[in-house]
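I set aside this page for a model that I want to read slowly, beginning with charged side chains and moving on to the sheet and a helix. My entries follow in the order in which I looked things up.

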Amino acid sequence: MKILFYGTKNYDEQFFQKLLPSFPGIEIKFIEANIHVETAALAKGYDAICAFVNADLGTDVIEELHQCGVRLILMRCAGYNNVDLDTTKKYGIAVMRVPGYSPEAVAEHAMALVLTANRHTHKAYIKCRENNFALNGLMGINLYQKTAGIVGTGKIGQAMARICHGFGMNVIAYDRYPNNALDFVKYVSLDELLSSSDLISLHCPLTEETKHLINEESISKMKDGVILVNTSRGGLIKTDDLIAGIRDHKFFAVGLDVYEEETDFVYEDMSERILPSSTIQRLLSFPNVTMTSHQGFFTEEALTNIAETTLENAAAFMNGEELKNQVLS
């Protein structure tokens, strides 16, 4: 099986090449270009392509991949909302993903955002480097005995719930399918979670139902001084409404690892370019907002798991075995 890897970085190649000898019969070519309409034709002659969360796998791209003879799309991530599943089904192209590469990696990053946004450690570091040891602008709040609201208790949400519980927080959650194994978590309605939580952490997939889950109406139901963190998908938050809420002093702090307009430039060095939209700059202009570049997954353990599961998915397809991680439309 020949696989073309789109949008790869040096760390992708490092972790996949390390494991590749354990998967005989699989050949990989890595290219830096991401997949879109103009680059999809590069897949001609390959059995499969591998893409990441920032790939364009819309209708036109899928149709081009079909023309190229591609039979399998490997997502080296958990999310697949960027894939046109109706068109892949039409052409009989299988789509496989990595459903649980390292829940703890993302959950730990979510808590890092909470702590950074709350205690202003990023600002304190810069101030100390400039020999400024004043404490003005650095006051935070205790998390101990506060209420953490976890939206979505899949593997990552469960890991975040355990972390918050370890901090001595009261943990409540909202999920259409409650997990009874979390005996320290109280499941409540979304409205109750919004109105009761001192910290709200988003851990649900992006679907038609969850798009812009955080909007003007839901923000109005939150406590004044709430901390909001999103390490899931940018589209869960309606950014303009979030900005309005920040301006109205609704939030004590906001931590974002994902955001709506990240697709075109996530994982790219844009420091010498002028961004086409000012949304990111508007968010960063607020003193109580902390942002990172979709790096919640970025640990050695997670990258190893991603590479291993992706290659296992490819091997299962190649050998006609059960496709346990196939995405079905």
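Before looking at any residue I wrote down the terms for accessibility: buried means under 20% relative accessible area, exposed means over 50%, and partly exposed lies in between, with a 1.4 Å probe and protein chains only. The model is predicted, so I noted that local features need pLDDT of at least 70 and side-chain atom pairs count only at pLDDT 80 or more, while totals for chains, interfaces and linings use all residues. Residues are numbered from 1 along each chain as its sequence is written, and side-chain values use heavy atoms, with hydrogens and water left out.

**Entry 1: salt bridges.** How many salt bridges does the structure hold? I found nine, taking a salt bridge to be a side-chain nitrogen of Lys or Arg within 4 Å of a carboxyl oxygen of Asp or Glu. I name helices and strands by their DSSP runs (H or I of at least four residues for a helix, E of at least two for a strand), numbered from the N terminus.

I looked up K250 and D224, whose side chains meet in a salt bridge at 3.0 Å, N to O. The pair links distant parts of the chain, 26 residues apart, with K250 in the loop between helix 9 (239-247) and strand 11 (251-256) and D224 in the loop between helix 8 (216-220) and strand 10 (226-230). Are these two partners buried or exposed? K250 counts as buried because its relative accessibility is 13%, whereas D224, at 63%, counts as exposed.

Next I looked at R71 and D47, which form a salt bridge with their closest N and O atoms 3.8 Å apart. R71 sits in the loop between helix 2 (59-67) and strand 4 (72-75), and D47 in the loop between strand 2 (27-30) and strand 3 (48-51), so that distant parts of the chain, 24 residues apart, are linked. R71 is partly exposed at 41%, and D47 is partly exposed at 23%.

The third pair I checked was R282 with D240, where the closest N and O atoms are 3.8 Å apart. R282 lies in helix 10 (residues 279-284) and D240 in helix 9, so this salt bridge ties together parts that are 42 residues apart in sequence. I also noted that D191, E217 and K221 are joined into one network by salt bridges that share partners.

**Entry 2: the sheet.** I traced an open sheet of five strands in the order 2-1-3-4-5, with parallel pairing, where two strands pair if DSSP finds at least two bridges between them. Strand 2 and strand 5 (94-96) are the edge strands, each pairing on one side only. Strand 1 (residues 2-5) pairs with strand 2 over four bridges, and I28 in strand 2 is the bridge partner of I3.

**Entry 3: helix 2.** Which residues of helix 2 are buried? They are V61, I62 and L65. Seen down the helix axis they fall within an arc of 100° (taken from the directions from the axis to the C-beta atoms), so they line one face of helix 2. On the other side, D60 and Q67 are exposed. The buried residues pack against strand 3, strand 4 and helix 3 (85-91), contact meaning heavy atoms within 4.5 Å. Just after helix 2, I noted that G69 takes a positive phi of about 90°.
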